Structures are given as structure tokens and as C-alpha cells.
Amino acid sequence: MNTETGMRPLLMLPEMLLFGGGLVVLIAGSFLPRQRLSWTRGITATVLAAACVAAAVGMAGSDQAAFDGTFAGDHITAVSRIVAATGALLVVLVAGGEIGGSAREAETYALVLFSTTGTVIVAAADDMLVLATGFLLAGIPLYGLIGMRQHPNAAEAAMKTYLLGALFSIMLLLGITILYGLTGSTRYDHLASALGGAPFPAVVTGVVAVIGGLMFEAGGVPAHFWVPDAAQGTSGSAAMFLTTVPKVGAVAAIYRVSTILPAATNWSLLISVFAVASMTLGNLAAYGQQDPRRLLGWSTVSQVGFLLVPITVLGRSELALPSLLFYLAGYTLTNCAAFAVSTALPDRRSLTSYRGLARGRPWLAGALVVALLGLVGTPPTAVFVGKLTTAIAAWDGGFPWLAVAVFVNSLISLFYYLRWIIPSFQVPLAGKTIDRFPAEKWSARVAVTAAGLSVVLGVAAGAVWPLLA
């Protein structure tokens, strides 16, 4: 990376677009009548599309650093921007059909833009203080998004998320304080050169606290408790956002933090423990779920475990970074497709209520099959390529047992996804008429589009891969 000092504010153009767009939407929502709040949706979609374009243009240039080396403008940042903004755009399209015309429409879009801004700052941070700022900006809007539904379950989920968010924010700040106290600096490059000579127990304590704090926004063990409740209790579009977009920044940040850690801390083993615990606990907890959104909540805990696997072999396998970035992109599309199906049919809050979906809504049933089998890792979806390259990276990097854990947990997950797929293709019970499954059109369109894009990305993996390496 070009470490030339300087401010370079235009390097943060996507972030400025996102945050500025959030302010415009928030202010506009205060003056527009309810029947015209849909304008804020158009503004939000335009801002997100513009951020994607700006990130793609920036990706073509060389790696640079902004604000005296505290913000990285490399291809990790560029991919994280594109993936996060794309996921947020899909959320906004779904939200338009779910909350369009409601009194809190503008506030919802503003919170989405603010949290997305924080997410990409977390992904690009090259300084612990910038990381902490982005962490708070990404996390605090989640409390409002979850509680916006104005339902007892949403209020309970928002409170649980707030309490856990406060706890793990303190843990993150504690870790940053310890590392700063040991080295006298918060910049990653300075930490990388100074941590090797610091007292081992203090370094381990600081590292565990920082990574543990980041696991809150990733939604993985040990900070996962809020995810299933939030996915079940809040609106479909909010659940779709919180289980997808914040993960992009958190996982990218864990990758960056891992690059500065001394080998003596054995950080690879620490992250591999987080990975196996997340994928295994998420899979086991998903088995008994009857609510499809709660099932997807536990599924997303499991997916965090798979996403952490390539980080454990950072520096040991050339596949580590591209497999991580590709998996993030594939997971975002696939998870959005699954949640969009549940949002298209908001009254179907049990797996058995999807019985006959293939007859009533064949395209929606097809999107559901692609999304759920995609999350398992079935070819030719993008997640299949992500899981395959992730397992190969683990094997090449000297963690064959972790590659086996990826395979076994992928196989285990098939069974609870089938509990949702099978009823969709069963005929209605005897004596009952065929249910036509009235669906919300925007959510249905997003579900089919996102599922289709996950297949296209999987098929085009060979062409995309060089851009990530």
C-alpha cells in the first residue's frame, strides 16, 4: 500500500456519500408529508448505487492510505464497500414494500445508511480509534432498526441487542486501551512492530478483547445471543439488514487486526475456536426452530463460523483473502434472498405454513430452494465456491481438521434447511384448497433477483476471482 502521508478526503468518497445521504434522508423525512416519504426511498437507493459506483471506480486505482495512514483504501475496502452497499440496497427495496407509507419510513432508511457507513469504516480502519468510531456508528443504529417495529418481541430484542452491544463495545474499548498502553500507538502498522516485544499475557488479553468485541457485529460466538431474537422479533427488512451488512465490516476488520498480531499469541487457534463454535452452535440451535426467520437467525450465526475460517490461515495460504471476500459477496446475496422470501410472505411464521408454495408461487419457491441450498454450499451457487475455497485454504494452511469441520457442518446444515424446503413442495393437506400465497411484490422480486445473482456469481467465479486476489 502507498503509505504516503496526507488527508486524501476524496479517498472516503463512498463513506461521505453514505453518511451525507443519511443526513439528507433524515432531514427530508421531517418535512415531507407521509404520502411523499417514498421520495426518501429513492434518495437512499440512489446514494447506495452511487457509493457502489464510486467504490468500483476506486478499485481500479492503486492502494492508498488516507488521514495519515489511519484509513486503508485498498481492494479489501473496495470489495467491502460494494458488498455492503449492495446488501443495503436490497434491504431498501424490500423495505419499500414492507414499510412503504409508514410514519417511520425515512428514519428507517437513514438508520440503514448510517449503519452502512459505519460498516465500511470498520472494514477500512487501519487505526484502533477509527475502528472504535466505525464500530459505534455501525452498531448504534441497529438498536433503532430492531425496535422500529413497535411490537413486544421487537422491544425485547432491541433491549437484548442494546445490552450486549454495550457490553461488547466496552470489551472492544478495553482491548484497544490495553494495546495502546503496551505500545503507545493505535495505528496498525505501529502495533505490528511493537506488540512482539510487549508482555505476552497483556497482549493476549488485548487481542481477545478486540476480537471478542468485533464478534458482536459479526453475530458469532460468544456475542451471538441477540441475533436469533432480533431476526424473529423485528421487521423482515431490518432482520435482513442486521444479519447481512454489519458482518461485512466486522469480518474484514478481524482480518486486518489478525495481520498485526505476533505469532506468539497463537491468534490462529483463537479464531479457529470462534469459527468452530459459531458454525456448530448455530447449526445445532437451528434444528428445533419452527419460525423461518429465527431459523435464519441461527443460520447466520453458523455462517459467521465459515467466514472466519480463511482468516485462521492468513499468511499461510494464498486463498485466504480472495476466498473470504468471495464468500462475503456470495453470502450477502444468498442470505438476502432467503430473508426476502420470508418478507414476501409475512404471515407465514412457521415452516409448515409454506406447504404448497411451489404450486402457488413457483418462482418464489425456486428462489427459496436456491437460497437455502446455496447457504448449505450447493453448486453452482456463490456460497459453494466460497465454502470450497475456504476449506481448501484451511487445508493448505495446515488446518486440515478445520477443513473437515467446514464439510461436516455444511452437511449438518442441510437437514434443517430441508425442513423448510420440503413443505414448500408438498401438496396441501386433504380437504384444503390450494393456497395461492399472496406475496408482497417487491420482496418477491428481490428474492428471485438475489437468488439468481448468487447463481450467476457462482458460475462467473473464475472471472471474478482475479479481482479479489
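# Briefing: a buried threonine, aromatic pairs and a surface patch

Thr343 touches Val94, Glu98, Gly236, Ser237, Arg293, Glu440 and Ser443, leaving aside residues up to four places away in sequence. The model is predicted. Thr343 sits in helix 14, which covers residues 320–344. Its relative accessibility is 2%, so Thr343 counts as buried.

**Aromatic pairs**

- The structure holds nine aromatic pairs.
- One of them joins Phe216 and Trp226. The ring centres lie 5.2 Å apart, and the planes meet at 40 degrees, a tilted arrangement.
- Phe216 belongs to helix 8 (residues 200–218) and Trp226 to helix 9 (residues 226–233), so this pair ties together parts that are ten residues apart in sequence.
- Phe216 has 1% relative accessibility and is therefore buried. Trp226 is buried too, at 1% relative accessibility.
- Phe399 and Trp401 form another tilted pair, with 6.1 Å centre to centre and 50 degrees between the planes.
- Phe399 is buried, with a relative accessible area of 8%. Trp401 is partly exposed, because its relative accessible area is 43%, and the partly exposed class runs between 20% and 50%.

**Aromatic cluster**

- Which residues form one aromatic cluster? They are Phe135, Phe216 and Trp226.
- The buried Phe216 and the buried Trp226 thus appear both as a tilted pair and within this cluster.

**Charges over rings**

- Lys387 lies over the face of Phe306, and the distance to the ring centre is 4.0 Å.
- Arg445 lies over the face of Trp442, at 5.3 Å from the ring centre.

**Nonpolar surface patch**

- Six side chains are listed for a nonpolar patch on the surface: Trp395, Val404, Phe407, Val408, Leu411 and Phe415.
- Together these residues have about 640 Å² of accessible area.
- Helix 18 (residues 400–424) supplies the largest share of the patch, five residues.
- Trp395 lies in helix 17, which spans residues 382–396.
- Is Trp395 buried or exposed? Trp395 counts as exposed, because its relative accessibility is 53% and exposed means over 50%.

Notes:
Residues are numbered from 1 along each chain as its sequence is written. This is a predicted model: local features need pLDDT of at least 70, side-chain atom pairs count only at pLDDT 80 or more; totals for chains, interfaces and linings use all residues. Side-chain values use heavy atoms; hydrogens and water are left out. Patches are made of residues with over 30% relative accessible area and no salt bridge: like charges are joined within 9 Å, nonpolar side chains (Val, Leu, Ile, Met, Phe, Trp, Tyr) within 5 Å. Accessible areas come from the Shrake-Rupley method with a 1.4 Å probe; for residues, only the protein chains shown count as cover. A salt bridge is a side-chain nitrogen of Lys or Arg within 4 Å of a carboxyl oxygen of Asp or Glu. Helices (H or I, at least four residues) and strands (E, at least two) are DSSP runs, numbered from the N terminus. Buried means under 20% relative accessible area, exposed over 50%, partly exposed in between (1.4 Å probe, protein chains only). Rings of Phe, Tyr and Trp (its six-membered ring) pair if their centres lie within 6.5 Å; planes under 30 degrees apart count as stacked, over 60 as edge-to-face and the rest as tilted. A charge sits over a ring if NZ of Lys or CZ of Arg is within 6 Å of the ring centre and within 35 degrees of the ring normal. Contact means heavy atoms within 4.5 Å.
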